[in-house]
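Biologist: I am new to this structure and would like a close look at a single part. Please take me through it step by step.

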Amino acid sequence: MAVLESAKRLNAIVDHGNQSKTGRSPLILLPGVGGDAHLFARQRAAFPELVVPSWIEPERNESLVDYAARFAKVIDPGQACFIGGMSFGGVVAIEVATHLLTRECYLFGSVRSPREIPKRLRFFTYFTDLIMIPKWLSPLALRIGGRRLSPAIRGTLHKLKDADGRFLRWASKALLKWQPSAGVQQLRIVQIHGDRDRVFPVRRVTADKVVAGAGHMVSMTRSKEVNQFLRERMSSAPG
């Protein structure tokens, strides 16, 4: 199943029924590239107010800031909310948050600024049009990992295998050329990070909580710690 969905099919993004029943501010979480709501299955079980929107189609040569502004109009719940994301989704969440009534923004295995992106990734800034995600990568990881991989991680690898190549190339380019908007400085950004994250090494980020032994997909592999982190933060966040 492709990552992208038409904006016309996003009418179920905000479940106002859940919001009214729980009386809580909506929690909007954005998945990483190639992912979908399955990435936050453990969070959905713990937070009934959770919404995981699908990505919208990026426009040609659109910047991450401009994409986030369009995306915010689609997913705006019309009330104070929490927003966050994993990896690339965290960066988009930062920019989307500047257009919403955001109480707090949460990052899982992500970065707060371009300065936290490793040099080995920034090196490819001017070559991102050539980026292709090899179709053999996910099947290979599935074969090597076998039953040692959790069901959640196996599902994510299957999703990445089928992900939209155009969106992946755009996301890579947009991330590496990201220049934060002025509104980002006013956000309350909180970050939880694994100390074994190989994509965004913990030594480069400014994490509020570091999870020992956790890798890049911390929200999946260490859901207990992440959920507790969210509960504590959401309960103490300014209204």
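Which strands does helix 4 lie across, and at about what angle does helix 4 run to strand 3?

Modeller: A word on the source comes before the details: this is a predicted model. Helix 4 spans residues 88-97. It lies across strand 1 (27-30), strand 3 (81-86), strand 4 (102-108) and strand 5. Its direction is at about 150° to strand 3.

Now the sheet beneath that description. Six strands make up an open sheet, and their pairing is parallel. The order is 2-1-3-4-5-6. Strand 2 (50-51) and strand 6 (209-211) stand at the edges. Each has a single partner strand, so one side of each lacks a neighbour in the sheet. Strand 6 pairs with strand 5 (residues 189-194) in the parallel sense, over three bridges. There, glycine 194 is opposite valine 211 of strand 6.

Helix 10 (residues 223-236) also lies across strands of the sheet: strand 1, strand 3, strand 4, strand 5 and strand 6. Helix 10 runs at about 160° to strand 4.

Back to helix 4 and its contact with helix 3. Helix 3 covers residues 64-75, and its axis comes within 8 Å of the axis of helix 4. The two axes cross at roughly 75°. The two helices are therefore roughly perpendicular to each other. Helix 3 brings Leu64, Val65, Tyr67, Ala68, Phe71, Ala72 and Ile75 to the contact. Helix 4 brings Phe88, Val91, Val92, Glu95 and Val96. By class, that contact has 11 nonpolar residues, one charged residue and no polar ones.

Some of these residues lead on to the aromatic rings. Trp55, Tyr67, Phe71, Phe88, Phe167 and Trp170 form one aromatic cluster. The structure holds 10 aromatic pairs. One of them joins tryptophan 55 and tyrosine 67, with 6.4 Å from centre to centre and 45° between the planes. This pair is tilted. Tryptophan 55 sits in the loop between strand 2 and helix 3, and tyrosine 67 in helix 3, so the pair ties together parts 12 residues apart in sequence. Tryptophan 55 is buried, at a relative accessible area of 1%. Tyrosine 67 is buried too, at 0% relative accessibility.

Tyrosine 67 also pairs with tryptophan 170. Their ring centres are 4.6 Å apart and their planes stand at 45°, so this pair is tilted. Tryptophan 170 belongs to helix 8 (residues 165-176) and tyrosine 67 to helix 3, so the pair ties together parts 103 residues apart in sequence. Both tyrosine 67 and tryptophan 170 are buried.

Conventions:
Residues numbered from 1 in each chain as written. Predicted model: local features only at pLDDT ≥ 70, side-chain atom pairs only at ≥ 80, totals over all residues. Heavy atoms only, no water. Pairing = 2+ DSSP bridges. Helix = DSSP H or I, 4+ residues; strand = E, 2+ residues; numbered from the N terminus. Contact = heavy atoms within 4.5 Å. Axes fitted to C-alpha atoms, helices over the stretch in contact; angles between N-to-C directions. Parallel < 35°, antiparallel > 145°, perpendicular 65-115°, else oblique. Nonpolar A, V, L, I, M, F, W, Y, C, P; charged D, E, K, R; others polar. Phe/Tyr/Trp six-rings, centres within 6.5 Å; stacked < 30°, edge-to-face > 60°. Buried < 20%, exposed > 50% of the residue type's maximum accessible area, 1.4 Å probe, protein only.
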